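Trainee: I would like to go through this model with you, starting with how its helices pack and then turning to its charged pairs.

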Amino acid sequence: TATPTPTKTPVDKSRGSHSHHQADDSSSYDSSSSRSRFEAYNRLQAMAVAFGEKLPIPEIVALGGQSDGKSSLLEALLGFRFNVREVEMGTRRPLILQMVHDPSALEPRCRFQEEDSEEYGSPVVSASTIADVIKSRTEALLKKTKTSVSPKPIVMRAEFAHCPNLTIIDTPGFVLKAKKGEPENTPQEILSMVKSLASPPHRILLFLQQSSVEWCSSLWLDSIREIDPTFRRTVIVVSKFDNRLKEFSDRWEVDRYLSTSGYLGETTRPFFVALPKDRSTVSNDEFRRQISQVDSEVLGHLHDGIKGGYDEEKFKPYIGFCSLREYLESELQKRYKEAAPATLALLEQRCSEVNIELERLDSKIQATSDVSHLRKSAMMHAASISNQVGVLIDGAADPAPEQWGKTTEEERSESGIGSWPGVTVDIKPANAILRLYGGAAFERVMHEFRCAAYSIECPPVSREKVANILLAHAGRGGGRGVAEAAAEIARTAARSWLAPLLDTACDRLAFVLGNLFDIAIERNRSRESEYGRKTGDMEGYVGFHAALRHAYNSIIKDLAKQCKQLVRHHLDSVTSPYSQVFYENDFHGSFGSSANSYFRHNQASAGSIWFELSDCEQVSHDERMRDQENIPPENNARQKTPGKGTEARDVHRESQMTVPETPSPDQPCDGVKVDVGPRKRIARIGNRNPEQLMKVHNGGSLLFGNGDCGSRSAYTEICSLAAQHFAGIREVLVERSVTSTLNSGFLTP
């Protein structure tokens with residue numbers, strides 16, 4: 001249990017008896033057992049700092065503003081000066097001062113603990129050298145960590161005949177504003193670090209405040225209250241007390257001030273300390289003589305210079321540096337003695353844990369010669385990782401997605417894949433800003449692929465390409481027709497534009513699954529720690545873990561390659577000229593009556609078909625009146641197309657139509673029905689007038705266009721039909737083939 005700051009001196013203790021009592025305590029703390037205990041705690045403290053351990057060792061933490069006298073107090077406790085104030089050692093790194101009372105050390109012997117080690121360096125004799133070491137170590141660490149303050153302490157051991165057995169942690173002084181060249185948040189960083197150092201309940205807080213500051217306006221007292229609300233483990237020191245003495249003339253004034261006017265409570269008694277102001281270079285003996293002289297002057301002024309004196313019985317034990325020094329040393333020794341059983345039990349527990357770990361490592365080393373045992377452990381570990389990967393794919397939220405998951409933008413950036421090829425718009429799937437992994441991230445990529453695929457439309461096709469596809473085949477008598485030309489254009493576009501999307505989808509999915517290895521290891525580690533069991537203890541086998549990671553990455557790479565081949569096969573299948581999926585289902589049902597009429601045209605045509613492909617206006621009235629027998633009769637019947645609504649179109653029956661082999665320019669392009677055969681061919685040629693026949697044979701405007709066309713050009717119809725066909729290919733590929741293929745191709749293995 002922590003001991004509060006001393007409250008009252010027993011009534012029957014006189015001034016002389018109190019001094020004698022203090023002297024007895026001091027001599028008792030110089031005993032061999034006390035010194036041994038102090039040395040043991042110092043070694044524990046040094047090891048705790050070196051290895052980053054946190055042991056509940058009783059310690060004194062000095063806190064206060066940057067100009068409140070902490071550095072001067074430390075020098076007074078040490079018994080010698082080393083210009084610590086000029087290097088501002090406490091403003092940026094904590095300093096642990098281990099003071100060891102050694103009667104044989106007539107001159108101070110100071111050694112610094114090496115960084116990240118429990119060993120101490122060579123003794124430092126010169127006072128200026130001590131200051132330089134503190135300054136250089138502080139600057140080196142702050143430069144390395146690129147910070148303005150650091151909680152990592154500097155440890156200095158000082159052995160001297162005139163210093164007490166005392167350990168104090170000097171913390172950075174509170175500041176209101178950062179120094180020039182420092183970040184603006186430096187004051188907040190210092191305050192946060194000091195609170196962290198002072199928070200452990202085993203630490204005694206030594207809070208300093210200048211005597212010129214009134215308690216009601218103290219800047220930092222509230223910060224101390226946040227750490228220790230009742231001041232139960234806080235020793236309050238009023239520094240530079242001699243500056244305030246000149247304001248007192250009557251006893252009631254000084255007694256009222258020394259009692260803190262009840263502001264700190266009835267049970268809290270601060271110490272009032274004054275130290276030499278002369279900063280000139282003096283010997284260590286002179287420095288200590290000046291400290292004693294200031295104490296005597298303060299006590300003499302209170303006794304003789306104040307009218308009526310002051311309440312010596314109540315306040316004298318708390319006035320002067322010597323009283324503070326004796327109290328701190330005795331209080332720390334008492335805390336050491338009280339904490340010894342708990343500290344010993346903690347050390348025994350740590351030793352037991354270390355011994356168990358050593359036995360485990362020893363048995364692990366011996367097991368390296370047992371190949372069958374290693375094989376079993378390796379198989380168990382690999383199976384455990386595989387199970388964790390499966391759990392993550394099925395859906396899991398452990399470990400924390402906020403730490404291990406990735407957003408869509410992070411996946412694109414870290415995978416090196418970037419945006420989807422051929423897609424100009426910014427694809428943002430649902431939940432793009434959430435950090436996901438496993439099955440959730442897999443499904444998000446699948447959704448992103450759908451969005452990217454549906455953002456691509458059939459690219460525009462030049463008239464030259466349409467003419468080359470349609471006219472070349474017509475010249476050879478193949479008779480593929482408008483619908484087949486449009487289908488060929490759509491198939492070519494689908495192969496060019498959708499194939500890169502499929503490859504990118506496979507790469508993105510492989511990246512998502514590749515990330516699961518580290519997440520599965522972390523999940524497996526947390527499960528083993530939670531349940532206290534290890535499925536195949538392979539810790540430390542670096543080569544095995546590297547081989548396991550390589551095997552996992554190879555599997556993912558092979559799966560990506562196989563899935564690329566599978567989806568490419570589906571793309572080749574759906575874009576094959578022999579694929580009937582559109583002709584049987586979607587092409588009839590989804591593309592409208594225009595597509596339907598072209599399909600019937602294509603199936604019936606067997607001769608040479610020539611269409612006007614140039615962009616032109618409606619033909620003249622005379623041209624429209626020519627060959628009236630070739631114009632099919634009007635029919636106002638409506639045809640309903642699933643998914644496209646109901647629109648009025650002309651429906652033609654073959655028994656009512658007589659169609660020429662080559663339609664004339666004035667004939668509308670919609671609803672063409674070709675009836676072929678030798679008899680029909682001869683009859684049509686015989687019915688043509690000589691001028692028109694000459695145009696056909698000479699390749700005139702009827703063949704390639706003379707600027708006139710029907711109500712809608714064949715080029716426009718082919719482009720429209722190609723776009724619809726492309727949409728059908730895309731829909732079948734994305735919804736029917738690719739989704740199931742990627743799920744089964746990646747996730748099932």
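Mentor: α18 (residues 481–514) and helix α20 (residues 542–574) pack with their axes 9 Å apart, at an angle of about 155 degrees. Axes here are lines fitted to C-alpha atoms, for helices over the stretch in contact, with angles from 0 to 180 degrees between N-to-C directions. The model is predicted: local features need pLDDT of at least 70 and side-chain atom pairs pLDDT 80 or more, while totals for chains, interfaces and linings use all residues. Residues are numbered from 1 along each chain as its sequence is written, and side-chain values use heavy atoms, without hydrogens and water.

Trainee: Is α18 roughly parallel or roughly antiparallel to α20?

Mentor: Angles under 35 degrees count as roughly parallel, over 145 as roughly antiparallel, 65 to 115 as roughly perpendicular and the rest as oblique. The angle is about 155 degrees, so α18 runs relative to α20 roughly antiparallel.

Trainee: Where does α27 bend?

Mentor: Helices are DSSP runs of H or I, at least four residues, and strands are runs of E, at least two, numbered from the N terminus. The bend at a residue is the angle between axes fitted to the seven residues ending there and the seven starting there. For α27 that angle is about 40 degrees, at V738.

Trainee: How many salt bridges are there?

Mentor: A salt bridge needs a side-chain nitrogen of Lys or Arg within 4 Å of a carboxyl oxygen of Asp or Glu. One of them joins D170 and K70, N to O 3.1 Å. D170 lies in strand β5 (residues 166–170) and K70 in helix α3 (residues 70–78), 100 residues apart. The count by this rule is 37.

Trainee: Is E159, the partner of R111, buried or exposed?

Mentor: The salt bridge between R111 and E159 has an N to O distance of 3.7 Å. Buried means under 20% relative accessible area, exposed over 50%, and partly exposed in between (1.4 Å probe, protein chains only). R111 has 26%, so R111 is partly exposed. E159 has 11%, and therefore E159 is buried.

Trainee: Which residue of α18 meets E448 in a salt bridge?

Mentor: E448 sits in helix α16 (residues 438–454), 60 residues away from its partner in α18. Both residues of the pair are buried. Shared partners join them with E409, E411, R412, D426, K428 and R444 into one network. At 2.9 Å, N to O, the partner of E448 is R508.
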